[in-house]
Amino acid sequence: MKKISRRKLISTGLAAAAGASGLAVAAKVAKHHGLIPPDAGGLYGPGETLTYAAQRLLTRHSMAREFSRSEISEKPFANSVDPLGDDFHRMQAANFVDWRLVVDGMAARPSSFSLAEIKSFPASSHITMIGCEEGWTYIGEWTGVPLSYILNRVGALPEVRYVVYRSLQPDWWESIDMADALHPQTLVAHGMNGTELPVPFGGPLRLRIPRQLGYKSVKYLNRITLTDSLKSFGKGLGSSAPEAGYAWYAGI
């Protein structure tokens with residue numbers, strides 16, 4: 001074993017102590033600003049807290065990079081999903097006329113919107129990159145209704161802190177804070193690259209959050225719930241992602 005000098009041992013110990021002290025200070029700052037993520041209690045909790053709090057304090061209103069039309073990927077990658085089931089295929093065969101997006105929870109006017117109604121709302125588009133934690137990326141044009149418009153339409157109450165959103169696939173659900181929910185680039189997307197949103201890419205509806213990794217942009221969106229706490233959802237970690245070992249906040 002290589003000998004470690006007393007000076008080296010002391011300096012290493014001081015560095016570790018400083019790092020721990022720095023995390024403790026960061027945690028206090030995050031708590032003061034109400035920026036403790038729901039998965040802060042795990043092994044990687046201090047790091048998750050530091051990442052989330054730093055990005056919210058420094059880049060709360062930042063925009064995801066947008067690209068030119070010439071940079072749209074010719075062959076975007078659609079990762080595989082679990083079988084969608086007979087009910088989905090029945091709705092698909094009928095052009096999704098029976099598809100509903102339910103918005104409930106802490107809203108003055110809980111609602112259920114048809115796909116046609118969603119498409120009738122004011123739309124926005126952006127050309128952004130979607131990136132997966134597995135390493136693949138592609139650039140696409142996304143068209144849809146700003147989530148902020150829908151929240152205003154249903155009368156989100158002032159106490160709302162999080163938006164929980166679910167897929168037709170029962171094991172896929174996520175949540176975001178209000179900074180991302182009200183961000184102008186966060187869309188309830190129904191179009192991609194000038195066409196209807198293809199089924200392999202989440203059609204007829206998906207939430208598109210370009211400031212976070214791809215798993216936060218849930219496909220086959222059918223329910224949005226407004227809440228002031230995430231403790232009663234799943235295991236209380238904020239989404240299915242941390243329950244599977246990923247981070248709740250996946251900012252890029």
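Two rings of Phe, Tyr or Trp, the six-membered ring being taken for Trp, count as a pair if their centres lie within 6.5 Å. The structure is a predicted model, and the exercises below begin with its ring pairs.

**Exercise 1. Determine which residues the ring pairs link into a cluster, and work out how the pair of phenylalanine 77 and tryptophan 136 is classified.**

Step 1. With the cut-off above, the count comes to 15 aromatic pairs, and ring pairs link Phe77, Trp136, Tyr138, Trp142 and Phe201 into a cluster.

Step 2. For phenylalanine 77 and tryptophan 136, the centres are 5.0 Å apart and the planes make an angle of 65°; because planes over 60 degrees apart count as edge-to-face, the pair is edge-to-face.

Step 3. Phenylalanine 77 belongs to the loop between helix 2 and helix 3 (85–93), whereas tryptophan 136 belongs to the loop between strand 3 (124–131) and strand 4 (137–146), so the pair ties together parts that are 59 residues apart in sequence.

Step 4. Buried means under 20% relative accessible area, so tryptophan 136, at 18%, is buried, while phenylalanine 77, with a relative accessibility of 42%, counts as partly exposed.

**Exercise 2. Establish the strand order of the open sheet, and then describe how its strands pair.**

Step 1. The open sheet is formed by 5 strands in the order 2-1-10-5-6, with mixed pairing; its edge strands, each pairing on one side only, are strand 2 (111–114) and strand 6 (173–177).

Step 2. Strand 1 and strand 10 run parallel and are joined by 4 bridges, with valine 102 opposite arginine 223 in strand 10.

Step 3. Strand 5 runs antiparallel to strand 10, to which 6 bridges join it, and valine 164 has threonine 225 in strand 10 as its bridge partner.

Step 4. Strand 5 (residues 162–167) also runs antiparallel to strand 6, through 5 bridges, and tyrosine 162 stands opposite aspartate 177 in strand 6.

Step 5. Of the 7 residues of strand 10, 5 are buried, so strand 10 is largely enclosed by the rest of the structure.

**Exercise 3. Decide how the buried residues of helix 2 are arranged around its axis.**

Step 1. Helix 2 (residues 45–59) has 15 residues and reaches 20 Å from its first C-alpha to its last, which is close to the 21 Å expected at 1.5 Å a residue.

Step 2. Its buried residues are Gly45, Glu48, Thr49, Tyr52, Ala53 and Arg56.

Step 3. Viewed down the axis of helix 2, these buried residues fall within an arc of 115°, so they line one face of the helix.

Key: Residues numbered from 1 in each chain as written. Predicted model: local features only at pLDDT ≥ 70, side-chain atom pairs only at ≥ 80, totals over all residues. Heavy atoms only, no water. Pairing = 2+ DSSP bridges. Helix = DSSP H or I, 4+ residues; strand = E, 2+ residues; numbered from the N terminus. Expected span 1.5 Å × (residues − 1). Buried < 20%, exposed > 50% of the residue type's maximum accessible area, 1.4 Å probe, protein only. Arc of directions from axis to C-beta. Phe/Tyr/Trp six-rings, centres within 6.5 Å; stacked < 30°, edge-to-face > 60°.
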